[in-house]
Amino acid sequence: MKTIEDYNFKHKKALVRVDFNVPLDAEFKVTDTNRIEAAKPTIMKILKDGGSAVLMSHLGRPKGQVNPDMSLRHICNAVSQIIAVKVKFSEDCIGEKAMNAVDQLKDGEVLLLENLRFHAEEEKGDKSFAEALSELGDIYVNDAFGTAHRAHASTTIIAQFFPEKKCFGYLLAKEIEAIEKVMRTGEKPVTAILGGAKVSSKITIIENILDKVDHLIIGGGMTYTFVKAMGGEVGDSICEDDKMELALDIMEQAKKKNVSIHLPVDVLAADSFSKDARTQIVSVKHIPKGWQGLDAGPETLKMFKKVILASKTILWNGPVGVFEMEKFAKGTIAIGNYIDEATKNGAFSLVGGGDSVAAVKQFGFEDKVSYVSTGGGAMLESLEGKTLPGIAAILEA
Ligand code: AMP
């Protein structure tokens with residue numbers, strides 16, 4: 001795996017695909033700089049070597065149209081502040097303007113190109129557009145994990161124009177390493193904690209990780225499809241009746257593969273899906289009509305804790321309750337605390353995929369787990385066992 005560490009950028013122009021798709025407020029100020037900060041080590045390495053960096057990214061969904069609201073110009077200041085180097089800006093990402101700006105770029109300087117998605121060719125993965133982009137640098141660096149699952153011009157197609165001169169940036173390399181640890185090289189026992197709302201959205205992940213893990217903890221809304229399939233009464237809990245057979249099949253497969261599945265035994269049930277609902281702790285198999293399970297119960301958490309603390313490698317995807325409402329957030333917070341403790345005891349923990357990161361950030365677990373993925377969709381697809389085109393394009397000769 002070629003990373004940025006394998007190159008010296010002295011007198012070279014690095015063309016870096018970053019993920020600067022950051023949120024802006026009404027005054028076009030960046031409200032969350034995480035993604036910019038995540039790209040900093042890569043940019044700094046290039047500059048420190050004595051090279052220059054041409055940064056390219058998308059912002060929002062302009063759908064192939066120029067849209068001043070989604071101009072990357074808005075984020076120039078934020079990037080300049082974070083890397084402590086004044087960032088230059090090119091009003092287009094290809095063509096004469098971009099070429100001139102690149103020609104004038106000196107060692108130690110940084111140029112940010114305008115939103116790639118102002119050109120429809122970007123998302124179409126157009127080869128000529130990718131070729132036009134490729135003329136803007138000597139070495140291609142992909143550091144955008146958030147778009148690595150897309151075969152877009154700047155994330156994938158472009159790589160073919162840099163034979164022997166393409167590599168992963170630090171962020172993308174870290175993401176790949178974290179996934180490898182959970183899926184292949186992690187110390188046993190390996191435990192996956194899967195929560196979230198529906199079996200249907202997690203099924204491919206479950207099927208893929210059954211071959212990789214020793215323990216599978218299932219929580220959240222998915223629970224009730226499993227419990228009902230096994231004959232339990234789930235009241236008004238969220239349940240996908242058409243996935244019950246699939247749930248039984250997963251249990252069967254797990255048995256064959258020697259994977260222990262841990263399902264909740266008790267739940268915090270509510271008489272409505274609301275923050276003011278009345279609640280009670282009930283057995284997961286006997287949820288009364290008119291009640292729905294919205295968080296893990298105390299016995300369940302005790303059981304989950306034991307499994308998590310005995311694990312050496314942990315993957316967490318999805319909350320075990322409706323964490324957006326304080327009343328039903330305790331289970332998710334508890335899981336975060338157990339993972340924190342396991343990590344302190346030497347386990348490797350990865351959180352990512354979909355919205356999992358939102359829960360982790362909301363409760364301040366970011367610094368307590370080993371790694372928080374920066375890519376929702378890209379991480380989900382990785383956990384599903386898919387090869388991401390952006391990653392494959394760098395690995396290909
Ligand atoms: P996902 O995007 O599939 O990871 O699902 C995350 C969502 O699952 C969050 O918005 C949670 O509120 C929701 N969720 C977790 N547990 C439950 C539950 N028991 N009933 C309904 N929704 C749930």
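This section describes helix H9, the aromatic pairs and the ligand surroundings in a predicted model.

Helix H9 comprises 13 residues, numbered 244-256. At 1.5 Å a residue, a helix of this length should span 18 Å, and the C-alpha atoms at the ends of H9 are 19 Å apart, which agrees with that expectation. Four residues of H9 are buried, namely Ala247, Ile250, Gln253 and Ala254. Around the helix axis these residues cover an arc of only 120 degrees, and they therefore lie on the same side of H9. The packing partners of the buried residues are helix H7 (203-209), helix H8 (223-229) and strand S9 (260-262). On the face turned away from this buried side, H9 carries the exposed residues Glu245, Lys255 and Lys256. After the helix comes Asn258, which has a positive phi, near 65 degrees.

Aromatic contacts were examined next. A pair of aromatic rings is described by the distance of the centres and the angle of the planes. Searching the whole structure yields 3 aromatic pairs. One of these is formed by Tyr7 and Phe9, whose ring centres are 6.2 Å apart. The planes of these two rings stand at 45 degrees; because stacked pairs require planes under 30 degrees apart and edge-to-face pairs over 60, the Tyr7 and Phe9 pair is classed as tilted. Both partners fall below the 20% limit for buried residues: Tyr7 has a relative accessibility of 12%, while the relative accessible area of Phe9 is 0%.

Tyr140 and Phe162 form another aromatic pair, with a centre-to-centre distance of 5.8 Å. Their planes are 25 degrees apart, and the pair is stacked. Tyr140 belongs to strand S5 (residues 139-142), whereas Phe162 is located in the loop between S5 and strand S6 (166-168). The pair therefore ties together parts of the chain that are 22 residues apart in sequence. Tyr140 and Phe162 are both buried.

The ligand is surrounded by 15 residues, of which Ala197, Lys202, Gly293, Gly321 and Glu324 come nearest. Backbone atoms provide several polar contacts to the ligand, among them those of Ala197, Gly221 and Gly293. In the case of Ala197, a polar backbone atom is 3.2 Å from an oxygen atom of the ligand. Gly221 places a backbone N or O atom 3.3 Å from a ligand nitrogen atom. For Gly293, the distance between a backbone N or O atom and a nitrogen atom of the ligand is 2.9 Å.

How values were computed:
Residues numbered from 1 in each chain as written. Predicted model: local features only at pLDDT ≥ 70, side-chain atom pairs only at ≥ 80, totals over all residues. Heavy atoms only, no water. Helix = DSSP H or I, 4+ residues; strand = E, 2+ residues; numbered from the N terminus. Expected span 1.5 Å × (residues − 1). Buried < 20%, exposed > 50% of the residue type's maximum accessible area, 1.4 Å probe, protein only. Arc of directions from axis to C-beta. Contact = heavy atoms within 4.5 Å. Phe/Tyr/Trp six-rings, centres within 6.5 Å; stacked < 30°, edge-to-face > 60°. Near = heavy atom within 4 Å. Polar contact = N/O pair within 3.5 Å; in protein donor to acceptor, adjacent residues only side chain to side chain.
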